[in-house]
Structures are given as structure tokens and as C-alpha cells.
Amino acid sequence: MEPQEMTEEMKSWMDKAFQMAQDALDNGEVPVGCLMVHNKHIVGQGRNEVNETKNATRHAELVAIDQVLNWCKKNGKSSMEVFENTILYVTVEPCIMCAGALRVLRIPFVVYGCSNERFGGCGSVLNVAENGIPNTKTHFKGIPGYKAEKAVEMLKTFYKQENPNAPRSKVRKKE
């Protein structure tokens with residue numbers, strides 16, 4: 001199950017992840033969307049829900065992981081077996097926190113749009129996939145670059161807006 005290059009099917013999954021990112025943006029969230037695909041079926045999907053829930057851990061990947069766990073329980077499947085055969089499609093390189101979770105869950109492949117120069121866990125800041133982490137023997141392969149420019153533009157659109165959840169001293173003045 002090792003993708004060598006972006007196939008039409010992979011591009012289609014990524015396009016669906018971008019739809020999730022647009023939904024996040026439309027709802028005042030950092031525009032990150034993702035899908036977890038197992039045996040050519042979506043078993044989990046997510047978009048950032050940090051502002052909505054006021055919970056800093058509700059990144060798209062963790063929302064999708066929760067959905068996969070629920071799907072496994074509902075369908076009588078072993079979650080570890082499912083995760084070990086799942087590809088994550090995400091619009092932005094997973095942060096260090098999310099990359100750590102992906103590694104522990106043994107997700108083998110992560111296909112992502114743009115790099116995350118501030119928090120990236122797939123090589124931009126730290127390569128969680130390959131660094132020696134005690135008590136883990138697994139790693140995942142990151143496949144970057146699909147529609148990276150689109151992902152960056154969506155991020156720029158979000159960061160140009162005023163964040164209603166920012167502390168008063170951090171709220172940007174209208175220009």
C-alpha cells in the first residue's frame with residue numbers, strides 16, 4: 001500500500017480534504033481539512049474545531065481519529081488494524097502534536113498540501129515520522145505538495161481576518 005506518486009484517486013481524496021478546509025474557513029477556523037481513507041472508503045474526516053470548541057487539541061486530524069475509533073467500534077473492527085492500513089489526506093502538514101498521534105497509531109502514509117513552517121511535524125520543524133522516539137518502532141511516510149499554493153492562500157485568508165477568540169490585547173486593529 002505504498003503510493004509512489006499522486007494518482008487521480010489520491011487527488012480526488014485531497015480535493016475532498018480541501019472541501020473540509022473550506023468548511024473550516026467558513027466557520028472561523030484555521031482552514032485545515034482531512035480524510036482518513038481505509039480500503040478506498042472514508043472512515044474518518046475532520047476539520048479544525050479549535051475556535052468552535054475552545055479546545056486547542058481539536059485539530060482536523062484528531063477529530064478524524066475520533067471518528068475512525070467510533071467507526072471501528074460500530075463495525076466491530078480492530079482500530080489498530082484499521083489505522084495501520086489507512087492513508088491520511090490533509091491540506092496542511094500535520095503539527096508536531098498530530099504527527100505524534102499519527103505515529104503512535106501507525107498511520108503509514110500522510111499526503112498533505114503545504115508545509116507548516118511554524119509547527120510542522122513531518123519535516124518542516126521536526127520530523128516525527130523518522131526521529132527516534134522511545135518505545136515506538138513505527139514511522140510514516142509523508143507525501144507533500146498537492147495544491148500547496150491553494151492551502152497557503154486559504155491560510156492567508158484566515159490570518160487576514162480578525163480572530164474573535166483572541167485576547168483583547170491581541171485583536172488586530174482594522175486598517
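**Exercise 1. His59**

Decide whether His59 is buried or exposed in this predicted model, and find what surrounds it.

*Solution.* Start with the accessible area: His59 has a relative value of 19%. The cut-off for buried is under 20%, so His59 counts as buried. Next, place the residue in the chain: His59 sits in the loop between α2 (50-53) and α3 (60-75). Finally, list its contacts, leaving out residues up to four places away in sequence: His59 touches Arg47, Asn48, Val50, Cys95, Met97 and Cys98. Two of these names are worth keeping in mind: Cys98 is among the buried residues of α5, and Arg47 is the bridge partner of Gly33 in β2.

**Exercise 2. One face of a helix**

Find which residues of α5 are buried, and work out how they are arranged around the helix axis.

*Solution.* Begin with the extent of the helix: α5 covers residues 96-104. Its buried residues are Cys98, Ala99, Leu102 and Arg103. Looking down the axis of α5, these buried residues fall within an arc of 140°, so they line one face of the helix. A general rule helps here: an α-helix has 3.6 residues a turn, so residues three or four places apart point the same way. Now ask what the buried residues of α5 pack against: the partners are β1 (33-38), α3, β3 (86-92) and β4 (109-114).

For contrast, take Ile96, also in α5. Ile96 is partly exposed, with a relative accessible area of 34%. Together with Val125 and Leu126, Ile96 makes a nonpolar surface patch of about 210 Å².

**Exercise 3. An enclosed strand**

Describe how β1 is placed in the structure and which strands pair with it.

*Solution.* Count the buried residues first: 6 of the 6 residues of β1 are buried, so the strand is largely enclosed by the rest of the structure. Then sort the side chains by direction. Gly33, Leu35 and Val37 point one way, while Cys34, Met36 and His38 point the other way, and all are buried.

Next, look at the neighbors. β1 runs antiparallel to β2 (residues 41-47), and 6 bridges join the two. Within this pairing, Gly33 has Arg47 as its bridge partner, and His38 stands opposite His41. β1 also pairs with β3 in the antiparallel sense, over 5 bridges; there, the bridge partner of His38 is Thr86.

**Exercise 4. Two positive phi values**

Locate Asn39 and Arg106, give the phi of each, and say how exposed each one is.

*Solution.* Recall the background: most residues other than glycine have a negative phi. Asn39 has a positive phi, near 50°. This residue belongs to the turn of the hairpin that β1 and β2 form with 2 residues between them. Asn39 is exposed, with a relative accessible area of 56%.

Arg106 also has a positive phi, near 65°. It lies in the loop between α5 and β4. Arg106 is partly exposed, at a relative accessible area of 41%.

**Exercise 5. Salt bridges**

Pick salt bridges from the structure and work out which parts of the chain they connect.

*Solution.* The whole structure holds 8 salt bridges. Begin with Glu9 and Lys40, whose closest N and O atoms are 3.6 Å apart. Glu9 lies in helix α1 (residues 8-26) and Lys40 in the loop between β1 and β2, so this pair ties together parts that are 31 residues apart in sequence. Glu9 is partly exposed at 35%, whereas Lys40 is exposed at 59%.

Return now to Arg106, which forms a salt bridge with Glu84 at 3.2 Å between the closest N and O atoms. Arg106 is in the loop between α5 and β4 and Glu84 in the loop between α4 (79-83) and β3, so the pair ties together parts that are 22 residues apart in sequence. Glu84 is partly exposed, with a relative accessible area of 33%.

A further pair is Arg58 and Asp66, which meet at 2.9 Å, N to O. Arg58 is buried at 18%, and Asp66 is partly exposed at 32%. To finish, add a network: salt bridges link Asp23, Arg47 and Glu52. Arg47 brings you back to the start, as one of the residues that His59 touches.

Methods
Residues numbered from 1 in each chain as written. Predicted model: local features only at pLDDT ≥ 70, side-chain atom pairs only at ≥ 80, totals over all residues. Heavy atoms only, no water. Helix = DSSP H or I, 4+ residues; strand = E, 2+ residues; numbered from the N terminus. Buried < 20%, exposed > 50% of the residue type's maximum accessible area, 1.4 Å probe, protein only. Contact = heavy atoms within 4.5 Å. Patch = residues over 30% accessible without salt bridge, like charges linked within 9 Å, V, L, I, M, F, W, Y side chains within 5 Å. Areas by Shrake-Rupley, 256 points an atom, 1.4 Å probe, with all protein chains shown as cover. Salt bridge = Lys/Arg side-chain N within 4 Å of Asp/Glu carboxyl O. Arc of directions from axis to C-beta. Pairing = 2+ DSSP bridges.
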